Amino acid sequence: MKHLLGIFLLICMAGQGQADSQRDTVFTQNTSRGWDAVGRLDFGESSFCTGSLITPSLVLTAAHCLYDVDTQKPQKIGEIQFRAGWHDGQSLASRNVSRYFVHPDYEMAIGSQQEQLTNDLALVELDRPVSESVVMPFETAHRPRKGQTVGVVSYAHGHADSAALQSSCHVLARQGGVVVTSCDVDFGASGSPIFSMKSGRPMIVSVVSAKAQFRGNKVSVGTALDGGLDVLFAMVERGRASFDGADEDLFSQGLRDLQDVSGTFYD
């Protein structure tokens with residue numbers, strides 16, 4: 001926590017902590033085209049996160065999403081479903097999950113919050129691929145530089161049934177594998193892709209891990225893909241699925257200034 005507070009202090013001192021004023025654009029069925037590889041990752045009927053297809057059968061999301069909201073134990077594979085391009089009760093592709101892979105250095109029970117955020121990455125393998133003729137997966141890239149324009153697409157409280165785009169956020173700071181941006185996220189946005197908006201088709205450079213507030217200014221905290229994604233791909237290649245029904249005593253204390261932004265369903 002000490003290191004993260006240092007980041008926020010730097011933002012405040014530099015006068016860069018203010019969240020961008022542009023409001024999210026909630027997608028309609030037509031405006032969501034091109035962003036359909038972003039989908040809602042549902043856990044039973046109680047909670048959800050956001051995830052993105054990066055191959056026809058692999059969804060990138062946050063590691064902490066793979067823990068039950070109430071029990072803080074690993075999610076049950078049979079209760080996870082990915083809905084690509086979910087919009088008002090319909091999706092372009094809906095898939096069950098065969099297994100998932102949490103970064104091996106991600107620990108909810110021990111370690112500093114800095115370490116948790118640095119490794120808050122996971123891959124979810126679908127029970128069958130989504131055809132690229134239906135949904136084209138996103139490519140990934142290295143973490144963005146400070147000051148770079150980025151965007152985030154998320155499902156969250158207030159737009160749980162339709163994704164929203166905030167296209168003009170900026171990278172405020174980087175530290176280790178943590179990226180702080182001015183994107184304004186809410187509950188449900190955990191695992192949302194943070195995109196480089198430099199040119200051509202957006203590329204995923206980070207995944208939303210948490211939201212934070214410092215002196216009234218809203219910021220979001222993402223996990224960079226550098227190295228961590230390669231580790232996960234290696235786990236997939238070796239078939240080292242995470243947990244597989246393990247019953248572990250997991251950390252349940254909430255973060256102080258950083259808030260888990262996995263979502264619960266709202267009426």
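**Reading a predicted protein chain, feature by feature**

Guide: Ser209 has a relative accessibility of 3% and therefore counts as buried. The model before us is a predicted one, and this residue is a convenient place to begin.

Visitor: How should the word "buried" be read, and where is the place of Ser209?

Guide: A residue is called buried when its relative accessible area is under 20%. With 3%, Ser209 falls on the buried side, because its value is under that limit. Its place in the chain is strand S12, which covers residues 203–214.

Visitor: Which residues is Ser209 in contact with, leaving aside its neighbours within four places in sequence?

Guide: The partners of Ser209 are His64, Leu117, Asp120, Ser190, Val221, Gly222, Thr223 and Val261. For the protein chain, contacts with a separation of 6 or more can be examined in the same spirit: 72% of them are between residues 24 or more positions apart.

Visitor: What do the totals of the protein chain come to in helices and strands?

Guide: There are 3 helices and 15 strands. The protein chain has 267 residues, and buried residues make up 51% of them. Its accessible surface comes to about 12,000 Å², with 46% belonging to carbon and sulfur atoms.

Visitor: I should like to turn to the disulfides. What is a disulfide, in general?

Guide: It is a covalent bond that connects the sulfur atoms of two cysteines. In this structure the count is 2 disulfides. With the bonded cysteines counted along the chain, their pattern is 1-2, 3-4.

Visitor: Which residue does the disulfide join to Cys49?

Guide: The partner of Cys49 is Cys65, and the distance from S to S is 2.1 Å. The angle about the S-S bond is -95°, and the link of Cys49 and Cys65 is left-handed. This pair links distant parts of the chain: Cys49 belongs to strand S3 (residues 47–55), while Cys65 is in the loop between strand S4 (58–61) and strand S5 (80–84), 16 residues apart.

Visitor: Are Cys49 and Cys65 buried or exposed?

Guide: Cys49 counts as buried at 1% relative accessibility, and Cys65 is buried too, with a relative accessible area of 2%.

Visitor: How many ångströms apart are the sulfur atoms of Cys169 and Cys183?

Guide: The sulfur atoms of Cys169 and Cys183 are 2.3 Å apart in their disulfide. Here the link is right-handed, with 125° about the S-S bond. Cys169 lies in strand S9 (residues 159–175) and Cys183 in the loop between strand S10 (178–181) and strand S11 (193–196), so the pair ties together parts that are 14 residues apart in sequence. Cys169 counts as buried at 0% relative accessibility, and Cys183 counts as buried at 1%.

Visitor: How is a pair of aromatic rings described?

Guide: Such a pair is described by two quantities, the distance of the centres and the angle of the planes. The structure holds 4 aromatic pairs. One of them is formed by Trp35 and Phe195, with 5.2 Å centre to centre and 75° between the planes, and it is edge-to-face.

Visitor: Where do Trp35 and Phe195 lie?

Guide: Trp35 lies in the loop between strand S1 (25–26) and strand S2 (38–43), and Phe195 lies in strand S11, so the pair ties together parts that are 160 residues apart in sequence. Both Trp35 and Phe195 are buried. Together with Phe138, they form one aromatic cluster.

Visitor: Which ring does the charged end of Arg40 sit over?

Guide: The charged end of Arg40 is placed over the ring of Phe48, 5.2 Å from its centre. Arg40 is also joined to Asp42 through a polar contact of 2.8 Å between their side chains. Asp42 has its place in strand S2 and counts as buried, at 2% relative accessibility. Elsewhere, Lys211 lies over the face of Phe187, 4.1 Å from the ring centre.

Visitor: Finally, what value is Phi of Asp88 near?

Guide: Phi of Asp88 is near 50°, a positive value in a residue other than glycine. Asp88 is in the loop between S5 and strand S6 (93–102). A residue is called exposed when its relative accessible area is over 50%, and Asp88, at 55%, counts as exposed.

Methods:
Residues are numbered from 1 along each chain as its sequence is written. This is a predicted model: local features need pLDDT of at least 70, side-chain atom pairs count only at pLDDT 80 or more; totals for chains, interfaces and linings use all residues. Side-chain values use heavy atoms; hydrogens and water are left out. A disulfide is a pair of cysteine sulfur atoms within 2.5 Å. Helices (H or I, at least four residues) and strands (E, at least two) are DSSP runs, numbered from the N terminus. Buried means under 20% relative accessible area, exposed over 50%, partly exposed in between (1.4 Å probe, protein chains only). Rings of Phe, Tyr and Trp (its six-membered ring) pair if their centres lie within 6.5 Å; planes under 30 degrees apart count as stacked, over 60 as edge-to-face and the rest as tilted. A charge sits over a ring if NZ of Lys or CZ of Arg is within 6 Å of the ring centre and within 35 degrees of the ring normal. A polar contact is a pair of N or O atoms within 3.5 Å; within protein, one must be able to donate a hydrogen and the other to accept it, and residues adjacent in sequence count only if both atoms are side-chain atoms. Contact means heavy atoms within 4.5 Å. Accessible areas come from the Shrake-Rupley method with a 1.4 Å probe; for residues, only the protein chains shown count as cover.
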